[in-house]
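This report describes the fold, the enclosed spaces and the nonpolar cores of one protein model. The sequence and the structure are shown first.

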Amino acid sequence: MVRSSRGDASPGMWRREAGTVVLRVPPFPEQAVAPFAIIAGLQVPRVPTEWAPHAHPRHELVWVRGGTLTSRVADRVFTVSEGHGLWMPAGVVHGGRATAGAQFYEAFFAPDRAPLAFASAFAVAQPTAIAMTPLLESLLTHLSRTDLDAAARARAESVVFDVLQPAEHQFALQLPGDPRIDAIAEALLDDPADHRSLAEWARCLQVSDRTITRAFRQATGLSFAQWRQVLRVHRALTLLAEGLDVTTVSETLGYAQPSTFIASFRRVMGTTPGAFLDAADGTPAPDEGVRNPVSPVQNS
């Protein structure tokens, strides 16, 4: 099933771009790929593409080049940008959205064919951020070939199981999932530049600002201001990957000046927007020590 959206909002996700195509994922062709432990492939959506909530009988690893992928899993939104991937355990219901023109890679892993040590490491049934090293990407690209003999495939698969490791930090935005403040989360997902203060939201929702503060702390571990900052930085990852410059991204997200946005990005990600993109491209930043691009808080 395919339908087109004209920019309507999707609960718990960023506002859809005009012309987004929404797809329903067909049943996984298990019989056709049964002999293989890992099946890899590539697609390049010509337009913004969204996949309706679904689950797979195999573990899935997705990563992108030239764009970003956003995935919604329960009350978390994962943002996958260049240099990183997302491991989705078998059976976990998730939806996803890729920006137009992004090279969208995916690999499926048979749960019953993974080595015992690997299966134990990924036994926890929750999405996990993966560092997509050049070696791992090359191996999975190699496994997408259809002319590999059984021995060559087995050798490549064994190395994948050795080098695929969880990233040190995760790229997830925890949504409140609390009816007292869900309206705030949905409004900011729809428009991250929404500048309404805690007091203004309290008046709008007819609750006290203390109620909102406690609700955000209980649901996300962050204050309202911290959570909004993390949300804006997650959105910035997509905008930067689309080629927007720092000034434009800053204005789009509601910052008064680019320096404020850069400081906010550094606070959440541990590096500047430029250095983060250079690291994703494999280009060292000459004037900055680039740390692992992560948030010091639990939410990113």
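What percentage of the 300 residues of the protein count as buried? The share is 49%, where buried denotes under 20% relative accessible area, exposed over 50%, and partly exposed the range in between (1.4 Å probe, protein chains only). The model is predicted, so that local features need pLDDT of at least 70 and side-chain atom pairs count only at pLDDT 80 or more, while totals for chains, interfaces and linings use all residues. Residues are numbered from 1 along each chain as its sequence is written, and side-chain values use heavy atoms, with hydrogens and water left out.

**Overall organisation**

The protein contains 11 helices and 12 strands; these are DSSP runs numbered from the N terminus, with helices (H or I) of at least four residues and strands (E) of at least two. Among contacts (heavy atoms within 4.5 Å) with a separation of 6 or more, 71% join residues 24 or more positions apart. The exposed surface comes to about 14,100 Å², of which carbon and sulfur atoms supply 54%; the areas come from the Shrake-Rupley method with a 1.4 Å probe, and for residues only the protein chains shown count as cover.

**Pocket and cavities**

Spaces were located on a 1 Å grid over the protein atoms alone: a cavity is a set of points where a 1.4 Å probe fits but cannot get out, a pocket is an open set with protein on both sides within 12 Å along at least five of seven lines, and lining residues have an atom within 4 Å of a point. Grid points are joined across faces, edges and corners, and each volume is the space filled by probe spheres set on the points. In the classification of linings, Ala, Val, Leu, Ile, Met, Phe, Trp, Tyr, Cys and Pro are nonpolar, Asp, Glu, Lys and Arg are charged, and the others, Gly among them, are polar.

The largest pocket holds about 350 Å³. It is lined by 25 residues, and V25, H54, H56, E60 and E106 are the closest to its centre. At least two lining residues come from each of strand 4 (49-54), strand 5 (59-65), strand 6 (69-73), strand 8 (84-88), strand 9 (94-98) and strand 10 (103-109).

The whole structure has 2 cavities of 30 Å³ or more. The lining of the largest cavity includes W14, R15, R16, E17, R97, R235 and E242, and both strand 9 and helix 8 (224-241) give at least two residues to it. The second largest cavity is lined by F78, T79, V80, H84, G85, L86, A129 and F171. Strand 7 (76-80) and strand 8 are the elements that give two or more residues to this lining.

The table sets out the volumes and the classes of lining residues.

| Space | Volume | Lining residues |
|---|---|---|
| Largest pocket | about 350 Å³ | 15 nonpolar, 7 polar, 3 charged |
| Largest cavity | about 110 Å³ | 2 nonpolar, 4 polar, 6 charged |
| Second largest cavity | about 40 Å³ | 5 nonpolar, 3 polar, no charged |

**Nonpolar cores**

A nonpolar core is a set of buried Ala, Val, Leu, Ile, Met, Phe, Trp, Tyr and Cys residues joined through side-chain atoms within 4.5 Å. The largest has 36 residues, and L173, I184, W227, F265 and M269 touch the most other members. Helix 5 (182-190), helix 6 (198-205), helix 7 (209-220), helix 8 and helix 10 (258-269) are the elements that give two or more residues to this core. Helix 8 provides the largest share, 9 residues. Leaving aside residues up to four places away in sequence, F265 touches V233, A236, L237, L240, G270, T271, T272, P273 and F276. Another core, of 24 residues, lies apart from it, with A37, L61, W63 and Y105 among its members.

In helix 5, the buried residues are I184, A185, A187, L188 and L189. They pack against strand 12 (172-174), helix 6, helix 7 and helix 8.

**Individual residues**

T213 is found in helix 7 and is partly exposed, with a relative accessible area of 31%. The C-alpha atoms of T213 and F224 are 6.2 Å apart in space, and the two residues are 11 apart in sequence.

Two residues other than glycine have a positive phi: A74, near 55°, and Q206, near 60°. A74 occupies the loop between strand 6 and strand 7 and is exposed at 59% relative accessibility. Q206 is placed in the loop between helix 6 and helix 7 and is exposed at 75%.
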